[in-house]
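Have the model open in your viewer and turn on the strand labels. We'll go through a few sheets, then the cores, then a single buried threonine.

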Amino acid sequence: MNSQEQLVERLTRFYRETRGEVSALPPVWVPGKQRTVRWLQPVLASLALVALAVGLAVTLRLVRDQAQRKTTPPVVVSPVPAPSPSSSATPSPSPSPSATPSWVTRHIALGQVQAMSLDVAAIFAIYDPYPATRGIRVARVDRNTGAVTTAGPFPNAWQMARVTAGLWIAAGADPAGADTQWLTLVDPVTLKVKQRVRLPGKPTSGTYSMPQLAGTSDQLWSAYGNSLYRLDATTGRILSTQPLPGTASSVSIDTSSHRLYVGMDAATPQTDQAMVIEFDGRTGAKLASAPTGGAGLAGPQVAAAPDGVWIAYATGMMGAVEHRNALDLTLLPEPPARHANGIHVFVGGGTLWLVHSMAQGVARADLLTGAIAASVNETGAAALVADASGSYLGSFDGVGFLRPDPACPH
């Protein structure tokens, strides 16, 4: 017999024994006569037994539940051991571009990078160090060891070009009036100054204008203000001059030295037309021209490619990228894509690189079609150089050695 049956039996026996003492009628109160509480005793006793029974039932339930918890073993999930790496193990699949946090495998801390150049042994960067009071400097980073050599300051240094004679550095005008418009040739290993010549040209009055520089092994070109200059790559001497119908905003020459492209902002602040002009990379003869975008917004930025030129520019709301052929600068189709105003294009290592300085991203794209193969978020991306042996990113705090997503063609 369980506890509940025992309780019922006790209550039944109690009511049998007290049947004669409990009246079926309620007691009659007689005024002036003291009331008795004898009739309440059985009732109170019953209530006490009921309360005791309820408490006993609750206690038994708690004891039973506690016993079940003690006797039921907890479920333990054993961790699955990770496989140990071995030479015979099958390599895991490459992560998708979205899963890659960064393509930078080595970082060289310098400061804010403005421009970059490249040769077979080193990466060169114009940068503003921390603290910035030291002035703009130039760094050489060894591609194999990462060893850094720095020199400077080079006040208002803006662009550079690597030629056989060394590294040319172009510095623009100082708004405060200091004499800073110089071309400086430095040794490509020690960065010691070999020669300085006056920078040809002058900034366009009332417009944003900085000296642009491009070169190959034996060619050196400078576009500044409203003129394009072909210079001697060894001495910096002016060989020829071409007038420009606008303010030069960028210049780029293909690796074969056959074609030179100049991006130009509007001729005057009232003119809303920007242009790109193609020149013969050897003689400076004009070959073709076409309107493009970016007027009044720092103008178009050009990057020479084997089949023509890639152009990037701001529109005020978004950025845009164009691809034009080398024959007559006809606009070629490219995949539709959305870009921020800070979009820049670079060509290197057989790849088109899209660098979003505002959207904090870098993308690799097909050089012929512009189709993006992979992209990654890179904070403070500003400039990029690449060749068949490697690619390097300049950012707000230095130079990064890149290892793009392995799914990308290279």
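Two strands count as paired if DSSP finds at least two bridges between them. This is a predicted model, and the first example here is the pairing of strand E20 (residues 319–325) with E21, which is antiparallel and has two bridges. One place to look is Arg 324, whose bridge partner in E21 is Leu 331.

That pair belongs to an open sheet of four strands, ordered E18-E19-E20-E21 and paired in the antiparallel sense. Strand E18 (301–305) and strand E21 (331–332) sit at the edges, each pairing on one side only.

**A second sheet, strand by strand**

Now move to another open, antiparallel sheet of four strands, in the order E10-E11-E12-E13. Its edge strands are strand E10 (212–215) and E13, and each of these pairs on one side only. From one strand to the next, the twist averages 20°. Here are its pairings, with an example of residues that face each other in each:

| Strands | Bridges and sense | Facing residues |
|---|---|---|
| E10 and E11 | four bridges, antiparallel | Ala 214 and Trp 221 |
| E11 and E12 | five bridges, antiparallel | Ser 222 and Tyr 229 |
| E12 and E13 | five bridges, antiparallel | Arg 230 and Ser 240 |

Two hairpins are worth a look. E11 and E12 form one with two residues between them, and Gly 225 in the turn has a positive phi of about 65°. E12 and E13 form another, this time with six residues between the strands, and there Gly 236 has a positive phi near 80°.

So is strand E12 buried or exposed? Five of the five residues of E12 (residues 227–231) are buried, so the strand is largely enclosed by the rest of the structure. Color the side chains by direction and you'll see Ser 227, Tyr 229 and Leu 231 pointing one way, with Leu 228 and Arg 230 pointing the other, and all of them buried.

**The nonpolar cores**

Which residues of the largest nonpolar core touch the most other members? The core has 27 residues, and the answer is Met 116, Ile 123, Trp 353, Val 362, Leu 384, Tyr 392 and Val 399. Several strands give two or more residues to this core, among them strand E2 (111–118), strand E3 (122–129), strand E23 (351–356) and strand E27 (390–395). E26 gives the most, with four residues.

Pick Ile 123 to see what that looks like up close. Not counting residues up to four places away in sequence, Ile 123 touches a list of residues including Met 116, Leu 118, Val 141, Val 385, Tyr 392, Val 399 and Phe 401. Some polar or charged names turn up too: Ser 117, Arg 140 and Arg 143 are also among the residues that Ile 123 touches.

There is also a second, separate core of 15 residues, which includes Ala 165, Leu 213, Leu 220 and Tyr 229. You've met Tyr 229 already, as the bridge partner of Ser 222.

**One buried threonine**

Last stop: Thr 184, in strand E8 (residues 182–186). Why does Thr 184 count as buried? Its relative accessibility is 6%, and buried means under 20%. Leaving aside neighbours within four places in sequence, Thr 184 is in contact with Phe 154, Leu 167, Trp 168, Ile 169, Val 193, Gln 195 and Arg 196.

Terms used. Residues numbered from 1 in each chain as written. Predicted model: local features only at pLDDT ≥ 70, side-chain atom pairs only at ≥ 80, totals over all residues. Heavy atoms only, no water. Buried < 20%, exposed > 50% of the residue type's maximum accessible area, 1.4 Å probe, protein only. Core = buried A, V, L, I, M, F, W, Y, C linked by side-chain atoms within 4.5 Å. Contact = heavy atoms within 4.5 Å. Axes fitted to C-alpha atoms, helices over the stretch in contact; angles between N-to-C directions.
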